[in-house]
Amino acid sequence: MAMDRQEQAGAPAHVMLALAANAFHQAALVAMVPVLQQIFGLGLTPLGLLVGAGLALAAIAVPLWGGLARRRGVDLALRASLIGACTGVGLLVASVWATAAGMLPVAAGLALLILARLVYSLTAPAALPLAQAMGAQRAAAATLTAIGRANAVTGLGRLAGNGLVAPLLLLGPALPLALPLPVYVAALIGSLRHAAANGTGPGRSAADPQAVAGETGRATGRGIAGARKRMPLPLAPLATAFTLQLALGAASVLLAPLIRDRLALAPDAAAGAAGLCLMLAVAVGIVMQLMLRRLAGERLTGALLAGTVAAGLGLAALGRADALPAIALAIALVSAGAVLALGANTARALLAAGAAAPEPEPGADQPAGRGSRAQAATWIASLQFAGLAAGAVVAGILGDIGFPLAFAVLTATLAALALALAAGALAARRGRPAPRA
């Protein structure tokens, strides 16, 4: 009964803090692409490969976190994710600060940067899908509300990151990346207090502490092995998540260089302008997240198709924009469409996973379907990170060739996805069996 009430309440406050810190860090990092190029002497292609490699690692690691959450509980998985995020951000701050100050050679600073991205990518990205799984339920409207709230908090973190990049850069190149550290510490303290209040210590499950202690590493090993073998979703939602995030990730990476090129700005000024544009995009995204239930309701397929079309139109406009207001409005349209499409896609996947989940055993520490939803959410997140990784690489390669070509390719990609979704919806409608009496 206690777990049922916890599920109704969704993710606790310390989890929301972690989501905001993750989003702040990622937003600041994307807006600082020109600054990082200047500090480490990197072109767009190697920087895109570096960002893409980190996202690819996240794509591989996130389903393993779902397996751990299924076997040992979501709370333990989230706590471990927090520790890794804190460590990765600390290393990244040290890399940027020491290299910019001349305390480290560029090669050594770049090596530390790669290590920081490795640690961060293997741990921090698990927080959002696990939080989504905590709040998701068996009804479409309630699931959309839970997804929207978690994503809205993430959007607030992005909004703060984008808005504070320019003023923080005036105080030092590492400061925008360092600001999430105290938030991570507060979230970790909240996690430990939450565990103490629920009578669980690190590494123990609320249901049967002695049994979990006896399992030690074996339960985790079985959970990770199970995650490798089990993909509890059909191909369509996974491919959709990948394609949407590929286009969105590429557009985000290209935004600051596009502004620098089109408006002839210095790297710092381009980073600040990109941050302002992304602030508008994220603000629009937050509103869309909070309205997911009203916009989509039970019409998840229609919302998915409409969001994909809107994002594609935004990309087409972004490729032709040559003034800052036009660029800002175009990236805002991309954000609005992507939020609607990704929310509907995730909700469909979580509903399917929850409906197919077996009832929990007597005395289980998680509500019915939570483990299955956690596994499904992490697989969706995995493909989204894989899409972001591919998008970063595509952005680097196509951006070095030319911005018009890059945005034409991205627009065509979402157009193809929209056609595939429409064809799939039509085929499903034609092949739908008659309702049972």
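How many disulfides does the count come to? In this predicted model, the count is zero disulfides. Two cysteines nevertheless make a good starting point for a look around the structure. Cys277 is buried, with a relative accessibility of 2%. Cys86, by contrast, has a relative accessible area of 22% and is partly exposed, because the buried class ends under 20%.

A good place to turn next is the pairing of two helices. Helix α3 covers residues 33-40, and helix α14 covers residues 267-290. Their axes come within 7 Å of one another and cross at roughly 155°. Angles over 145 degrees count as roughly antiparallel, so α3 is roughly antiparallel to α14. On the α3 side, the contact is made by Pro34, Val35 and Gln38; on the α14 side, Pro267, Asp268 and Ala271 meet them. Sorted by character, the residues of this contact comprise four nonpolar, one polar and one charged.

A third helix, α5, spans residues 74-100 and includes Thr99. Is this threonine, Thr99, buried or exposed? Thr99 has a relative accessible area of 9%, and it counts as buried because that value falls under 20%. Leaving aside residues up to four places away in sequence, Thr99 touches Ile39, Phe40, Leu104, Val106 and Gly109. For a newcomer tracing the chain, Thr99 in α5 and its contacts with Ile39 and Phe40, among others, offer a handy landmark to look for in the model.

Note on methods:
Residues are numbered from 1 along each chain as its sequence is written. This is a predicted model: local features need pLDDT of at least 70, side-chain atom pairs count only at pLDDT 80 or more; totals for chains, interfaces and linings use all residues. Side-chain values use heavy atoms; hydrogens and water are left out. A disulfide is a pair of cysteine sulfur atoms within 2.5 Å. Buried means under 20% relative accessible area, exposed over 50%, partly exposed in between (1.4 Å probe, protein chains only). Axes are lines fitted to C-alpha atoms, for helices over the stretch in contact, and angles run from 0 to 180 degrees between N-to-C directions. Helices (H or I, at least four residues) and strands (E, at least two) are DSSP runs, numbered from the N terminus. Angles under 35 degrees count as roughly parallel, over 145 as roughly antiparallel, 65 to 115 as roughly perpendicular and the rest as oblique. Contact means heavy atoms within 4.5 Å. Ala, Val, Leu, Ile, Met, Phe, Trp, Tyr, Cys and Pro count as nonpolar, Asp, Glu, Lys and Arg as charged, and the others, Gly among them, as polar.
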